[in-house]
Amino acid sequence: MNRASLHFLLAALVAIALPLFMRSGTLASEVLIFAMAAAACNLLLGYTGLLSFGQGIFFGLGSYAAGLTLLHTSVPLALALVLSAITGAVVATGVGWLSIRRQGVYFVMLTLAFSQFFYFLAYTFKDITGGDNGLLNIPRPAIGPFSLGESWTYYAFVAVLFLLLFAALQRVASSTFGRTLLAVRDNEERARAIGFPVRNFKITAFAISGAVTGLAGALHALLIGVAPLSNIDYHMSESILIMTIIGGTGNLFASVLGAGFYVIVSDLLSSIWPRWLLLLGGLLIVVALFMQKGLWGLLERLVEALPMGRKSSINSSIEPPIQPESEGRGI
Amino acid sequence: MSTQTPILAADKLSVRYGSFLALSDVTLSIKPNTIHSVIGPNGAGKTTLFHALTGRVRASSGQITLDGRDITHVSDDKRVPLGIARSFQVTSLFQNLNVRENLRLAAQGRNPLQALAPWRGVDPRDHALAVAGEVMERLELTHVSDRAAGELSHGQQRRLEVGMAVAAKPRLILLDEPTSGMGIDDVEAMKALIRNLGRDHTVLFIEHNMGIVMNISDTVTVMRAGRVLVEGPPAVVRDDPEVRRAYLGNMITGDIA
Ligand SMILES: Nc1ncnc2c1ncn2[C@@H]1O[C@H](COP(=O)(O)OP(=O)(O)OP(=O)(O)O)[C@@H](O)[C@H]1O
Ligand SMILES: [Mg+2]
């Protein structure tokens, strides 16, 4: 079995295992929704080398887009979701297009500035977004014959979308496009010198990331029935980045781990200790200092430490440039 | 020969770094299917000339033409599909990617927009992969094809650096000090390779090793302080008094074959 199929299988296992171990369908759905957002963030951070603080913009706008269409029109759910993805993609293209004009710190600052800009935009246009209160009473229409009213049926719907998107992102990551992104991350100057219009590649990565994040935002708004201002807040960008980094940026499944960990641990801790964010900060420091491959890296080490530990084939930090024999399949 | 349109020509090309004039009114004409070398003391502006010809730095003034077409304002990545590829004096590889992938990317750079399709996988029969295979054979890198570029020995990295330019299948190939830091054996192999490339490419190369320069060049351009000092066939350049002065008389020792 190749690496991509293994990771897809792991993602499927997570989607199946969550209902078995969790009591709340809402929390389980949240895990998968943020797993999508974190995987999309990983496409930028891990594959392209772009630290984007703009992910919350796409997430929040996805929430608003879905909320507004479902509140004010009677379009089918699927169309509302597609609209959210398009909104995410279009705005990400614009934000990406402007931000990648600068590199390094200035790039990060630009995404941060956009994040603030869109937050205040949402805050200012209260008539449309509901401002501080958020966009309330978003309905959750049935999809075809299936009612999604019950929290575990909604979870099933989210899980199917999650797996489809995960597979699609894997496909993107292993395509000639994804492999060129890895080259850009590694040595942007050389990538340009051998003929790649690097900016177009970065913008496309932004668009894809924005689409997935927008869709995740829409699913989140449907989950809680509200498109809150906090979904477009700078803290949303921060949370998505933290999930991505804690999980590890080497592969897409790591982001699922990161999101799961973040969502479940914050849920547990926030009920027993209001200052739990301190712990999260501490953990982030540990990851940055000692385990840069994140939770995935930790998992790798554990698997290797097992007596019948797998060969070190699992070892390298990023899906390595695939051998010509071993690939050619989609996921 | 002299009536042929040059494949690449520079007309009064100048490059400024801030207030410093690194290249000053350089006029150069590269004849197709020749091996043309650029020599000159450190800081003469040779690499800057390459940067300008390949589009990495903007020309402050002057014009560059490829087959008579003005390419002065064409960006560096867009010059690759036009048939210009280069190697760097300071090795610049994809350190974390393996040798085959480095070369596959370099070959794909000739058709970069094909790689913009996020759903398109890399087929095992991919043209770019086949080219990568060929180049690995040619540069004796096949046995390390699966090693990350950053793990290669210095000599192997230098060969791969040149291979990156070869993989683009350019018509004009620019090599910036391809032998720098190489051991004796590698230098000989590189000399043979450059001569070999000259059969089906136009080669422009910067080199400090006079043995190679005098031996395999059709034309030699000598630069100093951002200007062209002398240009001509090796035998003429070798005996030019100005050139001898530029090199303090002691560096041109290679024999002329
Ligand atoms: N990015 C830059 N900014 C400012 N000055 C530069 C820059 N790059 C090169 N220079 C200066 O321009 C001059 C020409 O440099 P260049 O690298 O073209 O020389 P060269 O002939 O290739 O030398 P060498 O044989 O040492 O490689 C040098 O004085 C160098 O210091
Ligand atoms: Mg130089």
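This briefing walks you through two parts of the structure above: the surroundings of ligand 1 and the interface of chain B and chain A. Keep in mind that this is a predicted model. Around ligand 1 there are 13 residues, while at the interface 39 residues of chain B are in contact with 30 residues of chain A.

**Around ligand 1**

- If you want to find the ligand's surroundings on screen, start with Asn42(B), Lys46(B), Thr47(B), Thr48(B) and Gln89(B), which are the closest of the 13 residues.
- Two side chains offer polar atoms to oxygen atoms of the ligand: Thr47(B) has one at 2.7 Å, and Gln89(B) has one at 2.8 Å.
- The backbone takes part too, as a polar backbone atom of Gly45(B) is 3.0 Å from an oxygen atom of ligand 1.
- On its own, ligand 1 has 640 Å² of accessible area, and the protein covers 62% of that.
- Two elements of chain B each give two or more residues to the shell around ligand 1: strand S2 (20-30) and helix H1 (46-54).
- Of these, H1(B) provides the largest share of the shell, with three residues.
- Sorted by class, the shell holds seven polar, four nonpolar and two charged residues.

**Where chain B meets chain A: area**

- Together, the two chains bury about 3,000 Å² between them, and 57% of this is on carbon and sulfur atoms.
- Three residues to look for here are Phe94(B), Leu116(B) and Pro118(B), which supply 20% of the area that chain B buries against chain A, more than any other three residues.

**Where chain B meets chain A: salt bridges and polar contacts**

- Three salt bridges are found across the interface of chain B and chain A.
- A salt bridge you can locate yourself joins the side chains of Arg56(B) and Glu189(A), with 3.1 Å from N to O.
- Polar contacts between chain B and chain A come to 12 residue pairs, counting those with both residues at pLDDT 80 or more.

**Which parts of chain B touch chain A**

- Four elements of chain B give two or more residues to this side: helix H2 (76-79), strand S6 (84-87), helix H3 (99-108) and helix H5 (154-167).
- The largest share comes from H3(B), which gives six residues.
- By class, the side of chain B that touches chain A has 19 nonpolar, 11 charged and nine polar residues.

Notes:
Residues numbered from 1 in each chain as written. Chains lettered and ligands numbered in written order. Predicted model: local features only at pLDDT ≥ 70, side-chain atom pairs only at ≥ 80, totals over all residues. Heavy atoms only, no water. Near = heavy atom within 4 Å. Polar contact = N/O pair within 3.5 Å; in protein donor to acceptor, adjacent residues only side chain to side chain. Areas by Shrake-Rupley, 256 points an atom, 1.4 Å probe, with all protein chains shown as cover. Nonpolar A, V, L, I, M, F, W, Y, C, P; charged D, E, K, R; others polar. Contact = heavy atoms within 4.5 Å. Buried area = accessible area lost by both parts, 1.4 Å probe. Salt bridge = Lys/Arg side-chain N within 4 Å of Asp/Glu carboxyl O.
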